[in-house]
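This report describes selected features of the structure shown below. It proceeds by topic, with a heading for each.

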Amino acid sequence: MSSVRTILGVTVRTPAKVNLELRVGPLRDHGYHDLSTVFHAVDLTDNVTVSEAGDWGCTVVGPYADNVPTDASNLAVQAARMVYERYGFTGTAHITIDKSIPVAGGMAGGSADGAAALVGVDALLDAGLSKQELQSLAAELGSDVPFALFGGTALGSGRGEQLAPILTQGRTEWVFALRHEGLSTPAVYAECDRLRGTAPVSTPEPSQSLMAALRAGDVHGIARCLRNDLQDAAFSLMPDLEQTLDLGLDNGALGGIVSGSGPTVAFLCAGRADALELMVVLAASKSCDEVVRATGPAHGAHVVHDVRMS
Ligand code: C5P
């Protein structure tokens with residue numbers, strides 16, 4: 001005999017991202033820039049637990065908890081409330097974020113939590129939302145949120161929210177040099193516009209060489225193609241990032257890049273041994289506040305645990 005099993009809480013694991021390529025086109029009237037970007041998910045993850053509760057609430061734990069808002073500005077809270085309100089569910093939920101993705105680091109940590117909350121609430125309420133519905137809610141929440149649902153490696157266009165999967169082979173090994181002080185994404189885009197001045201900006205197109213390198217699993221080729229049009233703006237706002245990048249490139253990294261809007265600097269390595277050696281050099285240099293290692297590609301936001309009552 002089958003019994004009805006009510007879910008009381010759901011934990012969703014959700015990945016950070018690095019942009020292997022971030023080409024920034026013109027600023028449009030809606031306040032966003034046209035992008036052509038290659039997102040790559042890495043296994044530096046947050047765990048987001050959504051549980052039934054008597055009132056809305058949010059708790060953040062883990063190494064970066066202090067810098068995360070727990071009010072309505074938190075994307076996970078916004079995401080959860082959005083599902084309840086749009087689909088007419090009554091009740092409220094508590095969200096607990098176990099945070100390992102750096103905050104304001106250019107790795108889409110807040111977006112990852114937003115995506116996780118969508119997946120978590122969908123499971124908690126047994127709402128049965130389609131992939132398209134989840135993607136569309138995610139796009140409303142922010143430009144990077146849809147990719148956190150998607151995971152893997154994907155081409156982003158529009159403002160970054162329109163995604164197409166990219167065929168890849170093999171795994172990538174990364175070292176990330178982190179800063180405690182974050183950079184504001186809008187400020188970095190604004191600095192990019194300021195540095196460009198009145199020069200014409202062309203429509204951004206993906207690099208075919210990068211696509212070929214990803215298809216072949218050619219890590220040296222990927223390293224040669226790393227490109228971020230926001231990098232000069234991040235350097236302009238935080239000049240010593242350039243030394244961090246040079247240090248990594250002089251100490252065994254195949255390639256390096258500012259991750260998204262920064263200030264995290266991402267280094268692509270040939271393998272685990274090189275990554276570990278580079279971590280030691282970066283940590284000893286004091287040119288960053290913390291060093292972590294991760295591999296890609298990683299899965300998009302997915303349920304890892306649920307608690308049920310029969
Ligand atoms: O979409 P999201 O809220 O994450 O974007 C944060 C900010 O980043 C935007 O308000 C905008 O200033 C900038 N942005 C942009 N062009 C994009 C994506 C983000 O200018 N394609």
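## Arginine 179 and its surroundings

In this predicted model, arginine 179 touches Met238, Asp240, Leu241, Thr244, Pro263, Ser287, Cys288 and Asp289, leaving aside residues up to four places away in sequence. The residue is found in the loop between strand S7 and helix H5 (185-196). Its relative accessible area is 14%; because buried means under 20%, arginine 179 counts as buried.

Two of its neighbours also make polar approaches to the arginine side chain. The side chain of aspartate 240 forms a polar contact with the side chain of arginine 179 at 3.4 Å. From serine 287, the backbone oxygen lies 2.8 Å from a polar atom of the side chain of arginine 179.

## Helix H10

Helix H10 comprises residues 272-285, 14 residues in number. From its first C-alpha to its last the helix reaches 20 Å, close to the 20 Å expected at 1.5 Å a residue. Its buried residues are Ala275, Leu278, Met279 and Leu282. Viewed down the axis of H10, these buried residues fall within an arc of 110°, and therefore they line one face of the helix. The face turned away from the buried side carries the exposed residues Glu277, Val280 and Ala284.

The buried residues of H10 pack against four elements: strand S7 (172-178), helix H9 (241-249), strand S10 (265-269) and strand S11 (290-296). Just after H10, lysine 286 adopts a positive phi of about 60°.

## Strand S10 and its partners

Strand S10, one of the elements against which H10 packs, is mostly covered, with five of its five residues buried. Val265, Phe267 and Cys269 point one way from the strand, whereas Ala266 and Leu268 point the other way; all are buried.

S10 pairs with S7 in the antiparallel sense over five bridges, and in this pairing tryptophan 174 stands opposite leucine 268 of S10. Strand S9 (residues 255-258) also runs antiparallel to S10, joined to it by four bridges. Valine 258 stands opposite valine 265 in S10. The hairpin of S9 and S10 has six residues between the strands, and glycine 260 takes a positive phi near 55° there.

## Valine 18 in strand S1

Valine 18 lies in strand S1, which covers residues 6-27. With a relative accessible area of 0%, valine 18 is buried. Not counting residues up to four places away in sequence, valine 18 touches Val38, Phe39, His40, Val42, Trp174, Phe176, Ser259 and Ala266. Among these contacts, Trp174 is the residue that stands opposite leucine 268 in S10, and Ala266 is one of the buried residues of S10.

Valine 18 and threonine 264 are 246 residues apart in sequence, yet their C-alpha atoms are 9.5 Å apart in space.

## The ligand site

The residues around the ligand are Gly31, Tyr32, His33, Leu35, Gly142, Ser143, Arg159, Thr185, Pro186 and Tyr189. Two side chains in this group are placed beside oxygen atoms of the ligand. A polar side-chain atom of histidine 33 lies 2.7 Å from a ligand oxygen atom, and an N or O atom in the side chain of serine 143 is 2.5 Å from an oxygen atom of the ligand.

Arginine 159 takes part through its backbone: a polar backbone atom of this residue is 3.0 Å from a nitrogen atom of the ligand.

## Helices H1 and H2

Helix H2 (residues 109-124) contains 16 residues, which should span 22 Å at 1.5 Å a residue; its end C-alpha atoms are 22 Å apart, in agreement with that value. Of the 16 residues of H2, 14 are buried, so the helix is largely enclosed by the rest of the structure. Aspartate 126, which follows H2, has a positive phi near 50°.

Arginine 81 lies in helix H1 (residues 75-86). Its relative accessibility is 31%, and it counts as partly exposed; arginine 179, by contrast, is buried. Between arginine 81 and threonine 92 there are 8.1 Å in space, C-alpha to C-alpha, and the two are 11 residues apart in sequence.

Notes. Residues numbered from 1 in each chain as written. Predicted model: local features only at pLDDT ≥ 70, side-chain atom pairs only at ≥ 80, totals over all residues. Heavy atoms only, no water. Helix = DSSP H or I, 4+ residues; strand = E, 2+ residues; numbered from the N terminus. Expected span 1.5 Å × (residues − 1). Buried < 20%, exposed > 50% of the residue type's maximum accessible area, 1.4 Å probe, protein only. Arc of directions from axis to C-beta. Contact = heavy atoms within 4.5 Å. Pairing = 2+ DSSP bridges. Near = heavy atom within 4 Å. Polar contact = N/O pair within 3.5 Å; in protein donor to acceptor, adjacent residues only side chain to side chain.
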